[in-house]
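Hi everyone, thanks for making time this morning. I'd like to walk you through one model, so please have a look at it on the screen before I start.

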Amino acid sequence: MTWLMYLALGAFAGTLAGLFGVGGGLIIVPVLIISFKLQGIGGDLVTHMAVGTSLATIMFTSLSAIHTHHGRKAIDWRLAALLSVGIVVGAWMGGYTADKLSGPLLQRLIGLFAWLMAAQMLFGLAPSGGAKLPGKPVQVAVGGVIGWASGIFGIGGGSLTVPFLSWCSVPMQRAVAVSSVCGFPIALVGALSYVVHGMAHQGLPAEAWGYVYLPAMLGISLASMPFARFGAILAHKLSAPVLKRAFAVFLLLVGAKFLFFPG
């Protein structure tokens, strides 16, 4: 039954990620927190486990996205490499930072981020563009910030990378493709950071590597990849504005729960 539940969560997260065009982390983290609590898994570290496990699943789904964009020759590998240099450091530090935070505080930060993403969807907030890509050191530094924030929130970074590149006048298709590449080092290094920093804590389940819970990682990963493609197909048949508003409401509810009723 536990495996079926994680497969169902992966199918749900993958479908919604494909529908709404966002990384599955915004869906996986809150649902895993609730799921782990119902199962009595993780204790006071349930939020850390949800974030670490989410990053581990994104590691697999990002490979599928990279393959698709590479096949269309849409990836600027030089730009992706520069951002990834900073991302590697930032994602590791994100795991380190989260390890130092209490579960309730980490939930409040995730709730605040969910509200910011909801506001962006409801009001169509987006950078106007017109700027140029900064020099290499700044690109690396921006990658570090993106990796750090993504490591804390358990996301693939697309909601941060794409707006930055759009503001720098990078065409949207190229921005999304670069973001998909950056999602892999975020997830890989971020997950490794959660594994290493979680090893020092007692009371974690036997099936966990640090803060990464293996049954959930495998079940979600197996189902999320094919269902993400299903969600993308479904998105073309439904109203995009209605879908965005519906997901924004979901994020508002998740944010309210974590901001005002953490723990």
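When I say contact today, I mean heavy atoms within 4.5 Å. One more thing before we go in: this is a predicted model.

Let's begin with Thr57, which sits in helix H3. Is Thr57 buried or exposed? Its relative accessibility is 1%, so Thr57 counts as buried. And what is around it? If we set aside the neighbours within four places in sequence, Thr57 is in contact with Ile28, Ala216, Met217, Ile220 and Ser221.

Now to helix H6, which covers residues 136–153. With 18 residues at 1.5 Å a residue, H6 should span 26 Å, and its end C-alpha atoms are indeed 26 Å apart, so the two agree. Quite a list of residues in H6 is buried, including Gln139, Val142, Ile146 and Phe153. There are glycines on that list too: Gly143, Gly144, Gly147 and Gly151 are among the buried residues of H6. What do the buried residues of H6 pack against? The partners are helix H2 (25–39), H3, H4, helix H5 (103–123), helix H7 (158–167) and H8. So H3, the helix that holds Thr57, is one of the packing partners of H6. Right after H6 comes Gly154, with a positive phi near 75 degrees.

Next, the charged side chains. How many salt bridges are there? The count comes to one. Arg174 pairs with Asp76, and their closest N and O atoms are 2.3 Å apart. Arg174 lies in helix H8 (residues 172–198), while Asp76 is in the loop between helix H3 (46–71) and helix H4 (77–100), so this pair ties together parts that are 98 residues apart in sequence. As for Arg174 itself, a relative accessibility of 27% means that it counts as partly exposed.

Last stop, the surface. There is a nonpolar patch there, made of Val88, Val89, Trp92, Met93, Tyr96, Trp148, Leu192 and Val196, with about 710 Å² of accessible area together. Which helix gives the largest share? That is H4, with five residues of the patch. H4 and H8 each supply at least two of the patch residues. Tyr96, for one, is found in helix H4, and at 37% relative accessibility Tyr96 counts as partly exposed.

That's my tour, and I'm happy to go back to any part of it.

Notes: Residues are numbered from 1 along each chain as its sequence is written. This is a predicted model: local features need pLDDT of at least 70, side-chain atom pairs count only at pLDDT 80 or more; totals for chains, interfaces and linings use all residues. Side-chain values use heavy atoms; hydrogens and water are left out. A salt bridge is a side-chain nitrogen of Lys or Arg within 4 Å of a carboxyl oxygen of Asp or Glu. Helices (H or I, at least four residues) and strands (E, at least two) are DSSP runs, numbered from the N terminus. Buried means under 20% relative accessible area, exposed over 50%, partly exposed in between (1.4 Å probe, protein chains only). The expected span of a helix is 1.5 Å times one less than its number of residues. Patches are made of residues with over 30% relative accessible area and no salt bridge: like charges are joined within 9 Å, nonpolar side chains (Val, Leu, Ile, Met, Phe, Trp, Tyr) within 5 Å. Accessible areas come from the Shrake-Rupley method with a 1.4 Å probe; for residues, only the protein chains shown count as cover.
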